[in-house]
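Work through the exercises below with the sequence and the structure beside you, and try each task before you read its solution.

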Amino acid sequence: MAFLELTELTKSFGRVTAVDAVDLSIERGEFLTLLGPSGCGKTTILRMVAGFETPSAGNILLDGDDITTTPASKRAMGMVFQSYALFPHLTAAENIAFGMSIKRLPKERIKQRCAELLELVGLGEKDRSYPHQLSGGQQQRIALARALAIEPRVLLLDEPLSALDAKVRVSLRNEIRHIQQQLKITAIYVTHDQEEALAISDRIAVMSKGRIEQLDQPEEIYNNPRTVFAATFVGTSNRFNALVVAAAEGRCRVEQQELHVPPLTNIRDGASVLVMVRPEEVNVQKEGALPNSGANQIAGTIILRTFLGPFTRFHVHVNDETTLTADVPSQYARELYVAEPVVLSFAADACQVLPTDSSIKEAEKITESEKV
Amino acid sequence: MQTTQAVAIAQRQTRARFGIDKVFLILVLIYLTVPLISTLVFGFTGSHGIDFSTLGQIFSDKDFAQTLSLSLELALASTLLSVALITPTIYWVQLRLPGVRPLLDILSLIPFAAPAIVMAFGLVEVYSGSNMLINVLSLGLVPLLSNPPFNIVNTPPLLVCAYVVIALPFVYRSIDASLRSINTRVLTEASYSLGCGWWRTFLTVILPNIWPGIISAALLTFSTVMGEFTLSSLFSIYTFPIYLNQTGQEDPHKAASLSILSFILTLICVLAIFLLVRRRPGQQGEIELTAAK
C-alpha cells in the first residue's frame, strides 16, 4: 500500500463538482505535482489532504490510517501557501518555532532546530526580522522552514512560487526540490505552471474538470501524452485535426496534405485524430535549399521571428487557417528572416497521434465488440 | 538652466502648498481648542478673577468620586464585554459563515438608527412584562433576569448590556475592518496546519494581528459609555454624566471644571492606548478610528 492513498475522493460545492472521484497513490518520499488550469480541482484536493475541506465522498489514507475526518490540526501536514501566510506579529525565528512550541518541544531543542532550518533555507542571519522586513522569496523560504519544523508526514505546497518574480521562482523551486530530496520528505505540489511541474516532480498528475487526465513521470507526460487535454496543456505544440487514411502504414490526411505518422494500432481507418508535433521537432529551411530528410514537408512563410536565447521561435504561415511554430537552435536561425518562404519538415516519429473524443468512443465500441 | 528654473518653481509650489496646509491646520486647531480653553477659563474664573476653589469643592464632593468610579466601572465592563463577545463572533462569521456578513453589517447599523430613548423603553418593556414570545425567544433568559435573585432591571448590569448594543457599530466596524486587512482565512489555516486548534489560533495568531482594531473599538466604546446620559438617566442610575448635568444646573463654573477634568481623564486613556499600540513589535498598524464611523 502506498504511503498516501486517495480513493474515490470527491468534493462538490452545491451543484458544482470540483473533484470527481479521484484515485491517487503517493509513495513515501515522492514529489508529486498536481498540474492543471485554474478551477480543475487541484487545490481542492490539496485542501482535502490538509484537512481544510471535508470530502463529499471518498477516503484519504495516510500510512494505512483513515484520516478523512481527522481535524487539520491533528494531521501533521506542513503547508506552504501561495501568499506565504507568515504570522505578521512574529519574527522569522518565532514563525518557525510556532509549530514546535504547540507540540511543547523543549526550548533548547526549538532554538537549535530553528537555527538549523534557517541555515537550511539560507536565511541564518534573518532570524530576528519580521515578515514585512523580508522579500517575497525570503518570506516563502521562512514559510517552507516553518512547515518543515513540525517534521510533517506530508509537505503540501499550494502554488508557492506564483507570487514571486521569474528569477527567484527558478532558484527557489530548485531549492525546494533539493531540500525535499535531502530530507526524503513526501510532497504534494500544486501548480498551473507546466515548466515548474516538469522541472521539479517525480510524477505529475495532469488535471482537468476535477479528474486526473494523466499520471506519469514528467518525460512521459511531455513525450507521450495520453489525452488531448494533456497534449495541449503541457508544452507548446503544433496541432492538426486529421483523418486516418491508412492506420497500419501511419498515413493521415489534413485537408489536401498527407501526414506521415507512426503506424497506428488502436485506431481504425477513417477515424478523426489529433496529430501533434512539438516545435523543437520541426526543421525550418529556406525554399529551394537541399532536400530535407523529414517525412513530412509543409511550405509556408515566416511571419514572426522571436529570439529566445538558445533557440529562435518562428511562426510560419501555412494557409489562412494554419500557423505553425518551429523552435530552431539560434546558431542555425541566423539567415532566416520574416516574410521569407520556407519549408517546414518533421519526421513521422516526431508526431503524436491521439484519438479525438469521437474516435475514443469508436475505439471503445470496437474493443467491446471484439470481446463479444 | 531649465532644470534650475523647474526646481525653483517646484520649491515655490511646495512652499505655497505648505503655507495653505499650515493655515488649515491652524484653523482646525482653533476650532478644536477654543471651546476647551473657554471652558477652562470659565471654570476657573470666579467673581474676583482666577479661582481654583471649584477644584477643591469638586474633590471634596462625595458624589464626584462615586459617580466617576461607577462610570469608569460601567465603561470598563461594557468595553470588555463588547470586545469579548463581538471579536470571536466576527472571526467565526468571516471564517465559517461568510454569507451571514451582510446581515451582520445591517444589524451593526441598527443602534445608529434607533435613538437611545427607544432602546431604553424597549428594554424596560421587555424586562418588566411577561411576554410568552419574548420568554421563548430569549431561551428563558428574560424571565430569569427580570425576577429575583438575578433581577437586573434598572441595575448597572442591564445598563452594561444596553451599552454593549450601543457600542456594536464601533466594535463591529473596527474589528471587521482589521480582520479584513489581514488574510484571516489563510493565517488560520497556516496555524491549523502547525497543530493549533481554533481557540488557540484565535488567541495567539488572530488577536495579536487585529490588536489596533480592538484598541480602536475599546477606545470608542469606553469614551461613548463615559459620556452616555440618556440611558442612565432613564434607568435612574447615577453616573458621571448625570452628576455633571446636575452640577451644571446648580453651578456652571463647577460644571465647566468637571468637563475639563473629564476631558483630561479621557485624554490620558487615549494616550495610554496609543502608547500601548505603538510599542507592539512587528506591526505598522495604527488605530483605525475612521473605520468605526
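The exercises that follow concern a predicted model, and each one is solved step by step.

**Exercise 1. The make-up of the chains**

Task: Describe the secondary structure of chain A and of chain B, and state what share of each chain is buried.

Solution: Begin with chain A, whose secondary structure comes to nine helices and 20 strands. Turn next to chain B, which has 15 helices and two strands. For burial, take the 372 residues of chain A, of which 42% are buried, and then the 293 residues of chain B, of which 29% count as buried. As a last step, look at contacts between residues at least 6 apart in sequence: in chain A, 65% of them join residues at least 24 apart, while in chain B the share is 77%.

**Exercise 2. The domains of chain A**

Task: Find the bounds of the domains of chain A, and say how far apart their C-alpha centres lie.

Solution: Start from the division of the chain, in which domain 1 covers residues 4-228 and domain 2 covers residues 238-354. The C-alpha centres of domain 1 and domain 2 of chain A are 39 Å apart. To set this distance in its frame, note that the C-alpha atoms of chain A fill a box of roughly 75 × 60 × 35 Å along the principal axes.

**Exercise 3. Where the chains meet**

Task: Determine how many residues each chain brings to the contact, and characterise the side that belongs to chain A.

Solution: Count by chain, which gives 22 residues from chain A and 18 residues from chain B. On the side of chain A that touches chain B, strand E6 (77-80) and helix H2 (92-102) of chain A each supply at least two residues. Sorted by class, this side of chain A has 14 nonpolar, seven polar and one charged residues.

**Exercise 4. Two helices in chain B**

Task: Are helices H3(B) and H8(B) parallel, perpendicular or oblique to each other, and which residues make their contact?

Solution: First locate helix H3 (residues 62-96) and helix H8 (residues 156-181) of chain B, which pack at an angle of about 45 degrees with their axes 7 Å apart. Angles under 35 degrees count as roughly parallel and those from 65 to 115 as roughly perpendicular, and the two helices are therefore oblique to each other. The crossing in which H3(B) passes H8(B) is right-handed. Among the residues that make the contact are Leu74(B), Leu81(B) and Ile90(B) of H3(B), and Leu159(B), Tyr163(B) and Val171(B) of H8(B). Finally, the residues of the contact of H3(B) with H8(B) divide into 19 nonpolar, four polar and one charged.

Methods
Residues are numbered from 1 along each chain as its sequence is written. Chains are lettered from A and ligands numbered from 1 in the order in which they are written. This is a predicted model: local features need pLDDT of at least 70, side-chain atom pairs count only at pLDDT 80 or more; totals for chains, interfaces and linings use all residues. Two residues are in contact if their C-beta atoms, placed from the backbone, lie within 7 Å. Helices (H or I, at least four residues) and strands (E, at least two) are DSSP runs, numbered from the N terminus. Ala, Val, Leu, Ile, Met, Phe, Trp, Tyr, Cys and Pro count as nonpolar, Asp, Glu, Lys and Arg as charged, and the others, Gly among them, as polar. A residue is buried if 20 or more other C-beta atoms lie within 10 Å of its own, exposed if 12 or fewer, and partly exposed in between; C-beta atoms are placed from the backbone. Axes are lines fitted to C-alpha atoms, for helices over the stretch in contact, and angles run from 0 to 180 degrees between N-to-C directions. Angles under 35 degrees count as roughly parallel, over 145 as roughly antiparallel, 65 to 115 as roughly perpendicular and the rest as oblique. A crossing is left-handed if the near helix is turned anticlockwise from the far one by less than a right angle, and right-handed if clockwise. Domain bounds come from an automatic or database domain assignment.
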